[in-house]
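The following exercises are to be worked through with the sequence and the structure at hand. Each task is followed by a solution in steps.

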Amino acid sequence: METVVSLAQQTFQLGLFRSDYFADSAANFGIKQVEFNTIASSFGGIATNISQYNSYPVVYTVLDWPADDWEIGTQSLVSSTEKLPTNGALQGICEALAEAWTIYADLRAVVMIVVENVTYNICDQRFHEFEIRELHPEIRVIRKTLTEIGEQGKLGPMKELIMVLWVKPACGVEPAARDKAPTTCRRWSGTGPNSASLLSSSVTHTQADNPLRAPRGPSGQRPAQWGELGVGIHTQNIQREKRRGRGSSDWGTSDERALVPSRTIHWHWQPSSARTSYLRPRGVDEPPGLALSVITTRSRCKDDVVSVVYYRSGYEPGQYPSQLEWEARLLVERSRAIKSPSIQYHLAGTKKVQQALARPGAVEKFLTELHQVEVVREIFTGLYSLDFDKFGEEAIQLALANPDKFVLKPQREGGGNNVYGEKVREELLAMKDSKERTAWILMDRISPPIQTCYIVRPGQDGLPPLSDLVSELGIFGVILGDKDNIFVNKQVGHMLRTKLSSADEGGVAAGSGALDSPYLIDAVVTC
């Protein structure tokens with residue numbers, strides 16, 4: 001963290017957040033915060049489309065009312081559609097990304113989405129890409145893994161983040177990494193009885209090979225009088241490249257050899273009688289019956305300056321399989337690109353920070369008006385440190401006595417990491433005397449109201465069964481600013497996840513839950 005802060009070049013920060021809530025039946029159905037997500041806050045794209053999808057049966061069920069009840073049906077239609085809140089999550093998130101791109105002030109720059117090597121949530125990510133293209137066609141979006149950033153990324157002279165993209169050369173050879181990019185592509189061509197064997201041969205050289213060695217002729221031997229092409233040998237093609245400012249006219253000088261990794265060389269053997277179809281190096285005798293044409297083309301290298309980095313990966317240790325990925329993350333943090341999130345925002349979303357903010361006096365450091373402090377504190381549920389102090393020991397004793405009333409949470413994201421029920425006691429006993437316990441927090445378990453409904457899953461036979469379900473509401477918000485000014489700070493949409501009431505985890509991507517839409521009703525709550 002100290003390394004990142006001391007080397008960071010960008011003062012603007014972009015937050016694309018999602019705060020998740022349960023209604024708590026133990027607190028008169030008031031909402032209680034489950035967690036605050038600052039990195040890879042997913043389902044803004046799919047949730048927006050799910051809201052539109054779920055409006056269909058509501059509208060057309062009403063429109064199918066009998067004609068004599070049409071007036072009642074029309075009134076019900078208006079009432080029903082109003083109870084399905086509009087969801088602008090996708091547009092709001094994408095407009096925030098576009099606003100950050102605008103602040104960066106480079107029309108050539110791209111927005112880069114950081115994705116996993118294998119992306120199961122690609123549909124949600126693609127919705128963002130398509131929405132940006134529709135709202136702002138001038139903004140180009142690219143997708144890169146942390147591994148690709150480590151291999152292709154670099155910092156420019158002004159600390160701009162640059163992705164170096166090797167484009168497939170004309171010879172059809174796909175370059176690998178920059179340090180192993182093919183330098184030479186040899187192709188044989190000819191007419192007559194030897195043409196078939198000539199055209200079937202192809203050799204690709206790397207830097208370990210001599211890119212200036214003449215290829216073998218149709219007899220299988222290199223002409224002895226040609227030897228090695230060395231310093232001072234020119235062709236019209238190379239002279240033409242020089243006039244275009246593309247390199248030295250001396251093939252084989254140290255300067256020209258330095259450019260070899262960005263060139264592709266085509267060697268063509270042709271009948272010597274075809275005088276107009278080949279170019280012969282000056283000062284070298286022509287081999288009997290055949291001539292050599294040296295054609296140089298440039299392997300294109302495209303540099304993309306990255307203005308905004310949108311992390312949809314990088315939130316759990318498994319996404320950093322080697323040192324390369326850690327170096328890629330540090331490279332991004334050191335750059336001028338606007339990050340969502342920056343490493344500071346990333347850490348602000350950890351469970352430990354959530355627990356620290358629930359301590360008495362913590363919220364007051366950020367909000368000065370008493371009523372605002374009270375409203376924020378009202379959504380907090382019980383959050384307890386497991387540090388080696390009086391409060392940590394008290395929390396452990398509470399959980400050991402009533403494990404079903406608590407959830408044990410590590411500093412992890414992505415779902416499937418929390419501990420529930422009797423396993424809370426087992427885990428606490430196992431790490432009671434270990435420093436490992438300080439990396440966990442304890443939270444009161446929320447008791448959301450149960451509804452009876454259906455979950456539609458792929459591969460079901462017949463109608464889905466009626467099930468007892470609970471729903472978790474996520475609210476999307478965006479913030480963009482620097483240490484002195486906030487330019488954007490607003491709520492942009494929502495997401496509703498529904499799961500079986502008996503399920504501890506409700507991850508949609510993990511198959512434990514399903515995306516849903518809220519339907520608003522007027523309710524009278526009595527104390």
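Helices and strands are taken here as DSSP runs, with at least four residues for a helix and at least two for a strand, and they are numbered from the N terminus. The model is a predicted one. Its chain comes to 15 helices and 20 strands, and buried residues make up 46% of the 527 residues.

**Exercise 1. The cis peptide bond**

Task: State which two residues are joined by a cis peptide bond, and describe where they lie.

Solution.
Step 1. The bond links Ser340 to Pro341, with omega about 0°.
Step 2. Ser340 belongs to strand E12, which covers residues 338-340, whereas Pro341 is placed in the loop between E12 and helix H11 (343-348).
Step 3. A residue counts as buried under 20% relative accessible area. Ser340 has a value of 2% and is therefore buried.
Step 4. Apart from neighbours within four places in sequence, Ser340 is in contact with Leu14, Gly15, Leu16, Val309, Tyr310 and Tyr311.

**Exercise 2. The sides of helix H14**

Task: Check the length of helix H14 (residues 390-401), and determine which of its residues are buried.

Solution.
Step 1. With 12 residues at 1.5 Å a residue, H14 should span 16 Å; its end C-alpha atoms are 17 Å apart, so the two values agree.
Step 2. The buried residues of H14 are Gly392, Ala395, Ile396, Ala399 and Leu400. They cover an arc of only 130° around the axis, and therefore lie on the same side of H14.
Step 3. The general rule behind such a pattern is that an α-helix has 3.6 residues a turn, so residues three or four places apart point the same way.
Step 4. The face turned away from the buried side of H14 carries Lys390, Phe391 and Ala401, which are exposed.
Step 5. The partners of the buried residues of H14 are strand E13 (383-385), strand E14 (406-410), helix H15 (422-431) and strand E16 (440-444).
Step 6. At the start of H14, a side-chain oxygen of Asp389 comes to within 3.2 Å of the backbone nitrogen of Phe391.

**Exercise 3. The loop after H14**

Task: Is Pro403 buried or exposed, and which residues does Pro403 touch?

Solution.
Step 1. Pro403 is found in the loop between H14 and E14.
Step 2. Its relative accessible area is 5%, so Pro403 is buried.
Step 3. Not counting residues up to four places away in sequence, Pro403 touches Gly421, Glu422, Val424 and Arg425.
Step 4. Pro403 and Lys423 are 20 residues apart in sequence, and their C-alpha atoms are 7.8 Å apart in space.

**Exercise 4. Two positive phi angles**

Task: Compare the surroundings of Phe43 and Ala105.

Solution.
Step 1. Phe43 has phi near 75°, and Ala105 has phi of about 65°. Each value is positive although the residue is not a glycine.
Step 2. Phe43 sits in the loop between strand E2 (30-37) and H2; Ala105 sits in the loop between helix H4 (89-104) and strand E3 (110-115).
Step 3. At 5% relative accessibility Phe43 counts as buried, whereas Ala105, at 63%, counts as exposed.

**Exercise 5. The largest pocket**

Task: What is the volume of the largest pocket, and how many residues line it?

Solution.
Step 1. The volume of the largest pocket is about 1,600 Å³.
Step 2. The lining of this pocket consists of 41 residues, and Gln451, Ser471, Leu496, Asp516 and Ser517 lie nearest its centre.
Step 3. Elements that give two or more residues to the lining include strand E1 (13-24), helix H2 (44-63) and strand E18 (467-481).

Terms used. Residues numbered from 1 in each chain as written. Predicted model: local features only at pLDDT ≥ 70, side-chain atom pairs only at ≥ 80, totals over all residues. Heavy atoms only, no water. Expected span 1.5 Å × (residues − 1). Buried < 20%, exposed > 50% of the residue type's maximum accessible area, 1.4 Å probe, protein only. Arc of directions from axis to C-beta. Contact = heavy atoms within 4.5 Å. Polar contact = N/O pair within 3.5 Å; in protein donor to acceptor, adjacent residues only side chain to side chain. 1 Å grid on protein atoms, 1.4 Å probe; cavity = no way out; pocket = protein on both sides within 12 Å on 5 of 7 lines; lining within 4 Å. Points joined across faces, edges and corners; volume = space filled by probe spheres on them.
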